[in-house]
Amino acid sequence: MKAAMKLGNHSGLFGWMAAGMAVAGALGGLAYATAARRNGRVPEAVNAHVRQRLLEAMHGEAFAYLKYSLFAAEARRSGHPKLAALFERTARTERYEHFAEEAKLAGLVGDNEANLKDAIEGEGYETKTMYPEFATEAETAGDTQVAERFREIGRDEAKHRDEFETALRELQKQRK
Ligand SMILES: [Fe+2]
Ligand SMILES: [Fe+2]
């Protein structure tokens with residue numbers, strides 16, 4: 001019942017679950033899961049390892065969404081509209097169902113201030129650490145085109161970080 005206790009503030013959901021358990025017995029768990037889904041109120045994962053798995057899965061779903069979008073463009077360009085529609089339909093499922101459901105369980109979206117801080121951290125890592133390291137590795141390997149692209153993208157990420165920092169300061173000023 002640990003997970004259920006975490007739901008204490010979701011009183012409506014908890015009540016529904018208790019009623020469901022009493023009436024439906026063994027089916028209560030299933031009914032609870034269905035109700036949580038229907039209400040759009042899904043309990044967040046509390047276990048750190050499970051949350052990490054959610055984030056990993058979300059990376060895969062996000063990649064699949066974008067990859068299938070590009071695959072769809074190629075199918076359309078080469079005169080295969082039915083195949084394009086299949087890729088587009090599947091991409092939408094990855095983005096609007098699989099990613100969105102996992103994001104909810106992982107508690108991905110916070111309030112605006114938390115979201116901005118999260119975004120600043122991510123863009124900061126990309127511009128200061130990730131892209132410079134990747135660019136150096138590409139240069140060492142002789143992939144100069146890739147290295148140039150990494151460096152240019154890395155500079156874009158600095159702009160993103162700076163814009164988010166400005167937005168965060170404005171948000172914090174508004175609240176004073
Ligand atoms: Fe998926
Ligand atoms: Fe960015």
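These legends walk through a few close-up views of a predicted model.

**View 1. The whole chain is built from helices.** Start by counting: there are seven helices and zero strands here. Reading from the N terminus, the order of elements is simply α-α-α-α-α-α-α. How much of the chain is buried? Of its 176 residues, 11% count as buried. Now look at contacts between residues with a separation of 6 or more: 55% of them join residues 24 or more positions apart.

**View 2. Helix 4 runs from residue 48 to residue 77.** What length should you expect for this helix of 30 residues? At 1.5 Å a residue, helix 4 should span 44 Å, and its end C-alpha atoms are indeed 44 Å apart, so expectation and model agree. Just past the helix comes G79, which has a positive phi, near 80°.

**View 3. Zooming in on the buried residues of helix 4.** Which residues of this helix are buried? They are L54, Y68 and A72. As a reminder about spacing, an α-helix has 3.6 residues a turn, so residues three or four places apart point the same way. With that in mind, have a look at Y68 and A72, both on the buried list for helix 4. What do the buried residues of helix 4 pack against? Their partner is helix 5, which covers 81-106.

**View 4. Helix 4 and helix 5 side by side, with axes 8 Å apart.** The two helices pack at an angle of about 160°. Angles over 145 degrees count as roughly antiparallel, and helix 4 and helix 5 therefore fall into that group. Is the crossing left-handed or right-handed? Helix 4 passes helix 5 in a left-handed crossing. Sorting the residues of this contact by class gives 20 nonpolar, three polar and seven charged.

**View 5. Helix 6 packs with helix 7.** Here we move along the chain to helix 6, residues 112-141, and helix 7, residues 144-175. At what angle do they pack? The angle is about 160°, and the axes of helix 6 and helix 7 lie 8 Å apart. Helix 6 and helix 7 are therefore roughly antiparallel to each other. Their crossing is left-handed. As for who takes part, the contact of helix 6 with helix 7 has 17 nonpolar residues, along with six polar and nine charged ones.

Note on methods
Residues numbered from 1 in each chain as written. Chains lettered and ligands numbered in written order. Predicted model: local features only at pLDDT ≥ 70, side-chain atom pairs only at ≥ 80, totals over all residues. Helix = DSSP H or I, 4+ residues; strand = E, 2+ residues; numbered from the N terminus. Expected span 1.5 Å × (residues − 1). Buried ≥ 20, exposed ≤ 12 C-beta atoms within 10 Å, placed from the backbone. Contact = placed C-beta atoms within 7 Å. Axes fitted to C-alpha atoms, helices over the stretch in contact; angles between N-to-C directions. Parallel < 35°, antiparallel > 145°, perpendicular 65-115°, else oblique. Left-handed = near helix turned anticlockwise from the far one by under 90°. Nonpolar A, V, L, I, M, F, W, Y, C, P; charged D, E, K, R; others polar.
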